[in-house]
Amino acid sequence: MKPRALAALAVADFAERTRRPSYLVTLAAAIVLGYLTLPPPSSLYVIMNAGGYRGVYNSAYAGTATALAGSLWLMLGGFYVVRGAIARDERTRVGQILAATPLRSAGYLAGKFLSDLMVLVSMAAALAATALVIQLARGESTTVNLVALLTPYALLTLPVLALTAAFAVLLETVPVLRGGIGNIVWFFGCVFAAIAGQGGPLTGLGLVAASMRAAMIAQHQTAGAEFSLGFTKVSHPLSTFTWAGLTPSAGFVITRLVLILAVAGLALVPALWFNRFDTARVSRRARPAAQADPDRPVRDQLDQLVRPVRALTYRPLEPASGSPVFAFGRLLAGEIRILVQGISRWWWLVAAALTAASLAVPADLVKPAGASTALLLSAAWFWPVLIWSRLGTQRRENGVGTLLASYPSAGPQLVAEWAAGWVLAAATGAGPLIKMIVAANEPGLAAWLAGSLFIPSFALLLGIVSRTDRTFQIGYLILWYAAVNQVAAADYMGTVLVHGRPAGPGPLSVAALAGALFAGCLAIRAAQQAAR
């Protein structure tokens, strides 16, 4: 593929992506991250802690701190922004048009990789500009050194962004990982990379830590052994030292360039199996039918093009006769079937195994008193994350919004959809629930009930607002991971107790939040119904 055509493909795709709301949200989050990374001098929270010290806010320190923090954030949040480009081409039939051109699979994948990288780099550029503004606003150093500011982004952030862009392309071409499973795999991959990155093999944090320690020693300042990158609270403001920036060796620069080239090659590996939306590559079973009528796909597309467009009118159906209770029961049964449709029997076997494991452990381990409960209940309420993510999104994904718009009222259908999610939460969390009932664990029962109300409300609201299952998958994974790691503020399951009471939000607070979220769902759906 010619470089000019490759650049045109990447630029066109980049222009389309940057007009999405998700891009603007992630861009805004990157700007906020820049502000948090360089907090006021008197702040008691930090993002980068050099053993009780921080650098004076000059261009070198501002650029390095935001580049390191941005690498971790864009590796996680940026991935979900750029992910889905190949699936979108397939859904909009742009891929079928490209399949009719001389464009090869390797060229198509290279264009997607470059456009992904351009999107991520644009976010990093906004973060760098934010770092410069905050440096000047803090006033500790008003000397601007663009080389010192941007060098960390080129050496530390760019390789991570290239790796993220490459995996966004790679995971979309593997059938098993194209959907929600790929989102979950990447989330935990980022968690592992963040933990392993404290040593610096991927992010370069080790080189930065060594350089800063050398600067502190030269200034007769002794820092602690810990050098951390992450949002933490400190008991007193950090002391300062002056740091002139990185002085990387030629070997380090070459290593980072090789890493970028290697991950760019990784993005082209799927060309070995990616069919480039070529419908001619059909299976042997479907090939005889295609040979019998080779012009049928063309005729079908022509029929869609010449089909007259009719104005859609929404005429609500008359309410069904009979008992409202039985009518709602049928509606709920239908929503449950819709929610769990297509679920593999292996999924149900794993869910049954989790329930059996919860029933098999001693009763004291399921009391909400520590990590044991978090392991049992959190495992049970992690497994259905991909199913809960369907709440609020299926009518759009399956193209039945027009049909459901004829329903007399938005309320009963929405309640039934929420109730289906609650039934799933109750079913998968039945094991810990039974043990709590046997042990007469009233605090645990209250926390379980509140958590089971919160999950479907959270999923339904995110699904209605974003109209995609990806938002809940990301948001719930972050919340779930924080709860498992004993972050009290995120403990929606009530697993962290102090003196018998929840250390985080109490059951009443969680239940009230669930009610508020569901009320928001009703308001949004009513507004959508009225707008029709």
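This section describes selected local features of a predicted model, covering a salt bridge, a buried acidic residue, a loop residue, a surface patch and a helix.

By the criterion applied, the model contains 1 salt bridge. It is formed by the side chains of Glu 140 and Arg 54, with an N to O distance of 2.8 Å. The two partners are 86 residues apart and link distant parts of the chain: Glu 140 lies in the loop between α6 and α7, whereas Arg 54 belongs to strand β2 (residues 53–55). Their surroundings were also assessed for accessibility. Glu 140 has a relative accessible area of 29% and is therefore classed as partly exposed. Arg 54, with a relative accessible area of 6%, is classed as buried.

The loop that holds Glu 140 also contains Val 144, between α6 (105–138) and α7 (146–173). Val 144 has a relative accessibility of 42% and so counts as partly exposed. Together with Leu 136, Leu 146 and Leu 150, Val 144 makes a nonpolar surface patch of about 340 Å².

A further acidic residue, Glu 417, is located in helix α19 (residues 410–428). Glu 417 is buried but takes part in no salt bridge. The nearest side chain of opposite charge is that of Arg 525, at 4.4 Å; because a salt bridge requires a side-chain nitrogen within 4 Å of a carboxyl oxygen, this pair is not counted. When residues up to four places away in sequence are set aside, Glu 417 touches Glu 335, Arg 390, Leu 391, Gly 392, Leu 460 and Arg 525.

Arg 390, one of the residues touched by Glu 417, is also in contact with Val 340. Val 340 is found in the loop between α13 (324–339) and α14 (345–360). With neighbours within four places in sequence left aside, the contacts of Val 340 are Trp 348 and Arg 390. The C-alpha atoms of Val 340 and Pro 384 are 9.9 Å apart in space, for a separation of 44 residues in sequence.

Leu 460, another of the residues touched by Glu 417, falls within the range of helix α21 (residues 442–466). This helix comprises 25 residues, for which a span of 36 Å is expected at 1.5 Å a residue. The C-alpha atoms at its two ends are 36 Å apart, so the expected and modelled spans agree. Arg 467 follows α21 and has a positive phi, near 60°.

Methods: Residues numbered from 1 in each chain as written. Predicted model: local features only at pLDDT ≥ 70, side-chain atom pairs only at ≥ 80, totals over all residues. Heavy atoms only, no water. Patch = residues over 30% accessible without salt bridge, like charges linked within 9 Å, V, L, I, M, F, W, Y side chains within 5 Å. Areas by Shrake-Rupley, 256 points an atom, 1.4 Å probe, with all protein chains shown as cover. Helix = DSSP H or I, 4+ residues; strand = E, 2+ residues; numbered from the N terminus. Buried < 20%, exposed > 50% of the residue type's maximum accessible area, 1.4 Å probe, protein only. Contact = heavy atoms within 4.5 Å. Expected span 1.5 Å × (residues − 1). Lys, Arg positive; Asp, Glu negative; His and termini not counted.
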